[in-house]
Amino acid sequence: MNEINNIVILTGAGISAESGVATFRGPDGLWEGHRVEDVATPEAFARNSDLVQKFYDERRAKLQSVHPNAAHAALAKLDEKWPGDLLLVTQNVDDLHDRAGATRLLHMHGELNSAWCLACDGRSHFDGEMALDPACPKCDQFGYLRPDIVWFGEMPYEMERIELALAQCDLFVSIGTSGAVYPAAGFVQSARHYGAHTLEMNLDPSEGSLHFHENRMGKAGELVPTWVEEVLSHV
Ligand code: OAD
């Protein structure tokens with residue numbers, strides 16, 4: 001492995017599993033009892049906004065009873081101490097990386113605690129219930145807020161910034177993601193193409209496992225702190 005200066009880390013639902021947040025692709029193929037197309041598409045929102053709002057209201061309320069685990073804490077420590085460039089890209093809409101203290105963090109699929117107003121196009125911090133049709137904190141209009149979540153068929157956030165970081169990184173690490181959803185699933189190939197070493201940490205081999213130079217299988221709460229200490233021992 002070459003000398004490491006710049007690191008990109010991609011996380012998915014698996015990193016929050018030990019905190020008690022449900023992953024997406026359970027054995028029954030359902031997400032908390034729903035088909036993804038019934039709750040995570042713009043079409044579903046147009047068809048039945050009440051169902052979609054209540055679904056995300058429940059996920060948002062659940063955030064209050066979960067806490068960052070050892071993997072979130074270890075990545076926040078790495079973020080704080082790493083002297084080179086570092087970008088933590090999460091597909092997760094929970095706020096556990098934020099609460100652990102990560103700052104060089106980007107939520108590519110949006111955030112449960114953010115509201116997007118379809119009237120004024122503004123985004124605001126939000127921790128209430130959208131099904132109650134509250135007013136937009138920015139423009140005061142009622143009935144226009146939607147979850148600031150990237151649904152299937154919509155463009156993930158900050159792709160240009162992510163692609164640039166992937167092109168410049170020496171190490172790409174993927175943690176707790178099934179590798180089933182693009183464009184995130186393709187980041188390993190981009191990083192490799194530009195010459196980065198690539199490492200996967202996951203409970204079981206992801207769909208893209210073969211693309212990684214190195215695979216460590218197990219729980220994020222155990223693997224990630226060990227890996228972070230390894231990396232920081234070279235600083
Ligand atoms: P998935 O539910 O598809 O995958 C979670 C992965 O984490 C699986 O490969 C599990 O084996 C692994 N895993 C589970 N527990 C773990 C643990 N304790 N330690 C390490 N790994 C563990 O979730 P994502 O890959 O994040 O998109 O899903 C990607 C996107 O699909 C989500 O961001 C979401 C969803 O549709 C949007 O909402 C736009």
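1. In this predicted model, the ligand has a nitrogen atom that lies 2.8 Å from an N or O atom in the side chain of glutamate 18. Two further contacts involve oxygen atoms of the ligand: a polar side-chain atom of serine 178 is 2.6 Å from an oxygen atom of the ligand, and an N or O atom in the side chain of aspartate 204 is 2.8 Å from an oxygen atom of the ligand. The ligand on its own has 800 Å² of accessible area, and the protein covers 92% of that area.

2. As to the surroundings of the ligand, there are 22 residues around it, and those that come nearest are Phe24, Arg25, Thr177, Ser178 and Asp204. Sorted by class, this shell consists of eight nonpolar, ten polar and four charged residues.

3. Which pocket corresponds to the space taken by the ligand? That space is the largest pocket, and about 850 Å³ of space lies in this pocket.

4. The lining of the largest pocket is made up of 43 residues, and Ala13, Phe24, Arg25, Thr177 and Ser178 are those that lie nearest its centre. Phe24, Arg25, Thr177 and Ser178 are also among the residues that come nearest to the ligand.

5. With regard to secondary structure, α1 (14-17) and β8 (197-202) each supply at least two residues of the lining of the largest pocket. By class, that lining has 24 nonpolar, 14 polar and five charged residues, while the shell around the ligand has eight nonpolar, ten polar and four charged residues.

How values were computed
Residues numbered from 1 in each chain as written. Predicted model: local features only at pLDDT ≥ 70, side-chain atom pairs only at ≥ 80, totals over all residues. Heavy atoms only, no water. Near = heavy atom within 4 Å. Polar contact = N/O pair within 3.5 Å; in protein donor to acceptor, adjacent residues only side chain to side chain. Areas by Shrake-Rupley, 256 points an atom, 1.4 Å probe, with all protein chains shown as cover. 1 Å grid on protein atoms, 1.4 Å probe; cavity = no way out; pocket = protein on both sides within 12 Å on 5 of 7 lines; lining within 4 Å. Sits in = over half its atoms within 2 Å of the grid points. Nonpolar A, V, L, I, M, F, W, Y, C, P; charged D, E, K, R; others polar. Points joined across faces, edges and corners; volume = space filled by probe spheres on them. Helix = DSSP H or I, 4+ residues; strand = E, 2+ residues; numbered from the N terminus.
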